[in-house]
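User: I'm new to this one and would like a walk through it. Could you start with the terms I'll need?

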Amino acid sequence: MALFSSATQRVPEIAHVPKHIAVIMDGNGRWARKRFLPRIAGHKKGVETVRELVKQCVLLKVDYLTLFAFSSENWRRPTEEVTFLMSLFMEALKREVVKLHQNNIKLLMIGDRSRFDANLIAQIEASEQLTANNTGLVLTIAANYGGRWDILQAMNKMQQDVPQLTGFYREDHLTPYLSMAYAPEPDLFIRTGGEKRISNFLLWQLAYTELYFTDTLWPDFNEAAFSAAIQSYQQRERRFGRTSEQIKASSA
Ligand code: IPE
Ligand code: IPE
Ligand code: MG
């Protein structure tokens with residue numbers, strides 16, 4: 001497994017186009033409500049936005065796109081909505097996976113899948129297997145994912161694997177067990193829908209990520225809105241603890 005360096009341990013290479021973009025796709029319910037439609041209509045429309053964003057990322061040559069589809073706290077929603085989201089996830093996987101495969105996209109799912117029904121688990125596994133050797137965009141769907149769950153499952157796996165380590169842990173003991181160990185830490189985080197919070201998304205991995213919040217609701221997040229996020233990213237000075245003067249001196 002390829003391991004990437006951690007932004008808190010070493011200054012990573014900074015690229016003009018973010019290598020890894022992580023997105024909280026929020027605002028589907030409000031999009032629907034504004035149109036006097038049921039919330040689920042917003043989720044359905046949101047799938048189209050996903051399709052468009054994947055295309056944009058391929059064009060831009062982004063290496064990793066990670067989408068928060070369902071949080072570990074989203075089970076608290078009304079049962080009908082949860083059931084609808086699960087079936088939408090299933091349908092979208094079934095319908096899109098061949099297209100993703102044809103476009104050399106590698107699909108992965110992070111999160112605790114044990115709570116999903118057997119058919120959905122099988123569909124996820126089949127989709128991951130089909131696209132496993134693809135070398136293009138790595139598309140990760142976070143479903144029943146929580147940042148705290150991720151850190152704890154990594155701790156537990158680490159302790160099982162290397163029980164002799166008890167007592168003193170370093171970052172690099174733990175990070176290989178995090179569920180996104182196959183990817184560099186996100187360069188850019190985007191949250192649509194106006195809320196300014198992380199909602200238990202990639203807590204560990206977002207340590208030095210550039211954060212971008214927009215009021216645009218997820219179903220309205222089109223190419224122009226995405227491009228505004230990229231432009232904002234490109235204007236940031238990523239210091240990783242250093243001073244602005246140091247950055248200017250090193251790039252001169
Ligand atoms: C995000 O949209 C999709 C999921 C959480 C599954 P929301 O459903 O949270 O939409 P709002 O925030 O209610 O508008
Ligand atoms: C975060 O959205 C999770 C996803 C987009 C899947 P929520 O809409 O559930 O977030 P909170 O609960 O308002 O923070
Ligand atoms: Mg929301």
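Analyst: A polar contact here is a pair of N or O atoms within 3.5 Å, and within protein one of them must be able to donate a hydrogen and the other to accept it. Please keep in mind that this is a predicted model.

User: Okay, so which side chain has a polar contact with Gln 205?

Analyst: The side chain of Asp 150 does, and the polar contact between the two side chains is 3.2 Å. Gln 205 itself is placed in the loop between β5 and β6.

User: Is Gln 205 buried or exposed there?

Analyst: Gln 205 has a relative accessible area of 6%, so it counts as buried, the cut-off being under 20%.

User: And what does it touch, apart from close neighbours in sequence?

Analyst: Leaving out residues up to four places away in sequence, Gln 205 touches Tyr 145, Leu 178, Met 180, Glu 185 and Pro 186, as well as Asp 150.

User: Let's switch to the nonpolar core. How many residues are in the largest one?

Analyst: The largest nonpolar core has 40 residues, and Ile 21 and Leu 65 are the ones with the most contacts inside it. Helix α3, which covers residues 79–102, gives the most to this core, with 7 residues. As background, nonpolar side chains in soluble globular proteins tend to be buried together.

User: What is Leu 65 in contact with, further along the sequence?

Analyst: Once its neighbours within four places in sequence are set aside, Leu 65 is in contact with Ile 21, Val 23, Leu 53, Val 54, Cys 57, Leu 137, Val 138, Leu 139 and Thr 140. There is also a second, separate core of 15 residues, and Ala 142, Tyr 145, Phe 189 and Phe 201 are among them.

User: How many aromatic pairs are there?

Analyst: The count comes to 11 aromatic pairs. One of them joins Phe 189 and Phe 213, whose ring centres are 5.6 Å apart and whose planes stand at 65 degrees, so the pair is edge-to-face. Phe 189 lies in strand β5 (residues 188–191) and Phe 213 in strand β6 (residues 210–213), so this pair ties together parts that are 24 residues apart in sequence.

User: How accessible are those two rings' residues?

Analyst: Phe 189 is buried, at 0% relative accessibility, whereas Phe 213 is partly exposed, with a relative accessible area of 28%.

User: Which pair is stacked?

Analyst: Trp 218 and Phe 221 form a stacked pair, because their planes are at 20 degrees, with the ring centres 5.5 Å apart. Trp 218 is buried at 1% relative accessible area, and Phe 221 is also buried, at 3%. Elsewhere, ring pairs link Phe 68, Tyr 145, Trp 149 and Phe 201 into a cluster.

User: Now the ligands. Which residues come nearest to ligand 1?

Analyst: Of the 13 residues around ligand 1, those that come nearest are Asp 26, Gly 29, Arg 30, Arg 39 and Arg 77. An N or O atom in the side chain of Arg 30 is 2.7 Å from an oxygen atom of the ligand, while a backbone N or O atom of Gly 29 lies 2.9 Å from a ligand 1 oxygen.

User: And what about ligand 2, which side chains have polar atoms by its oxygens?

Analyst: For ligand 2, an N or O atom in the side chain of Asn 74 is 2.8 Å from an oxygen atom of the ligand. The corresponding distance is 3.2 Å for the side chain of Arg 77, and a polar side-chain atom of Arg 191 lies 3.2 Å from an oxygen of ligand 2.

Conventions:
Residues numbered from 1 in each chain as written. Chains lettered and ligands numbered in written order. Predicted model: local features only at pLDDT ≥ 70, side-chain atom pairs only at ≥ 80, totals over all residues. Heavy atoms only, no water. Core = buried A, V, L, I, M, F, W, Y, C linked by side-chain atoms within 4.5 Å. Buried < 20%, exposed > 50% of the residue type's maximum accessible area, 1.4 Å probe, protein only. Helix = DSSP H or I, 4+ residues; strand = E, 2+ residues; numbered from the N terminus. Contact = heavy atoms within 4.5 Å. Phe/Tyr/Trp six-rings, centres within 6.5 Å; stacked < 30°, edge-to-face > 60°. Near = heavy atom within 4 Å.
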